[in-house]
Each structure stands twice: as C-alpha cells, then as structure tokens.
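Got the viewer open? Set it to cartoon, keep the side chains handy, and follow along.

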Amino acid sequence: MMEKFRDISGDVNPLHNDTEFAKARGYEDRVVYGMLIASQISTLGGVYLPGKYCLIHGVEIDFARPVYIGDKLTISGTVKEIHESVRRLTIKFVIRNQTGKTVSKGILKAGCML
C-alpha cells in the first residue's frame, strides 16, 4: 500500500520511504503516510457507517502519533448528529493501533441518500 500510495500521490518524503532517514530523526521505522491512514475513513463511511448510500461531505482529522508499517489499526465510529432534513450524519471516529493507542481521531460528515 505504501508503494502504491507513493506512486499515486508523488509523495517521496524520505520519512515514508527511507528507514535510515526516519530512524535518524527519532522514528522507529518508516512512517506510514497520514493520508493513507485517512483514506481508511472512506471505508468507514462508504462500507460500514452509514454504508453504501454515503457520500462524504467533509473530514476533520488529527494525527496523534505515527503509524508504522505492520501496525494493525482499528477504526470505530459513533454517530453524533443526524440532520434528517438534509440527509446528513456527523460521525466521530477514532483510529487505534494494536496496543489500543489512538493514532488518529476526527469527524466525518456524510450525506446519506436513502
């Protein structure tokens, strides 16, 4: 996924592509692209919550800590607001790594065409 994301985005930052460079700057290993992690929000909205009738209107995301290759991530979402008149949901999401630490969190605003 890292190579595909690099090829699509053109982001050749050595923090993502060079282990020695990343370690020399205090990271455990290469850092996974933040926007690659953020792209998983599309799966949350388009597959699970609210699902196939969803069109993402906006995403606010905070990156709390780096993600490394091999980390196992879990994404969870909670509906915070429902605006029936405009068919829109506001979903709070959290992405945690395999140790339960929050790596990202934010808000997903999604239109629902039911």
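Which residue of β3 does V79 stand opposite? Select V79 and look across: I91 in β3 stands opposite V79. Before you go on, note that this is a predicted model, where local features need pLDDT of at least 70, side-chain atom pairs count only at pLDDT 80 or more, and totals for chains, interfaces and linings use all residues. Residues are numbered from 1 along each chain as its sequence is written, and side-chain values use heavy atoms, with hydrogens and water left out.

**Stop 1: the sheet.** Select β2 (74-83) and β3 (residues 88-96), an antiparallel pair with nine bridges. (Strands here are DSSP E runs of at least two residues, helices are H or I runs of at least four, and both are numbered from the N terminus; two strands pair if DSSP finds at least two bridges between them.) Now add the others: four strands make an open, antiparallel sheet in the order β1-β4-β3-β2. β1 (54-63) and β2 stand at the edges with a single partner strand each, so one side of each has no neighbour in the sheet. On average, neighbouring strands are turned by 20° against each other, direction ignored.

**Stop 2: β4.** Nine bridges tie β4 to β1, and nine join β4 to β3. To see two examples, pick V59, which stands opposite L108 in β4, then R88, whose bridge partner in β4 is G111. Next, go to the hairpin of β3 and β4, with five residues between the strands, and click G100: its phi is positive, near 90°.

**Stop 3: the helix on the sheet.** Show α4 (34-48). α4 packs on the sheet and touches β1, β2, β3 and β4 (102-112), and its direction makes about 140° with that of β1. Contact means heavy atoms within 4.5 Å; axes are lines fitted to C-alpha atoms, for helices over the stretch in contact, with angles from 0 to 180 degrees between N-to-C directions.

**Stop 4: the pocket.** The largest pocket holds about 280 Å³ of space. Of the 15 residues lining the largest pocket, M1, V32, L36, I37 and D71 are the closest to its centre. (A pocket is an open set of points on a 1 Å grid where a 1.4 Å probe fits, with protein on both sides within 12 Å along at least five of seven lines; lining residues have an atom within 4 Å of a point. The volume is the space filled by probe spheres set on the points, which are joined across faces, edges and corners.) α4 gives the most to this lining, with three residues.
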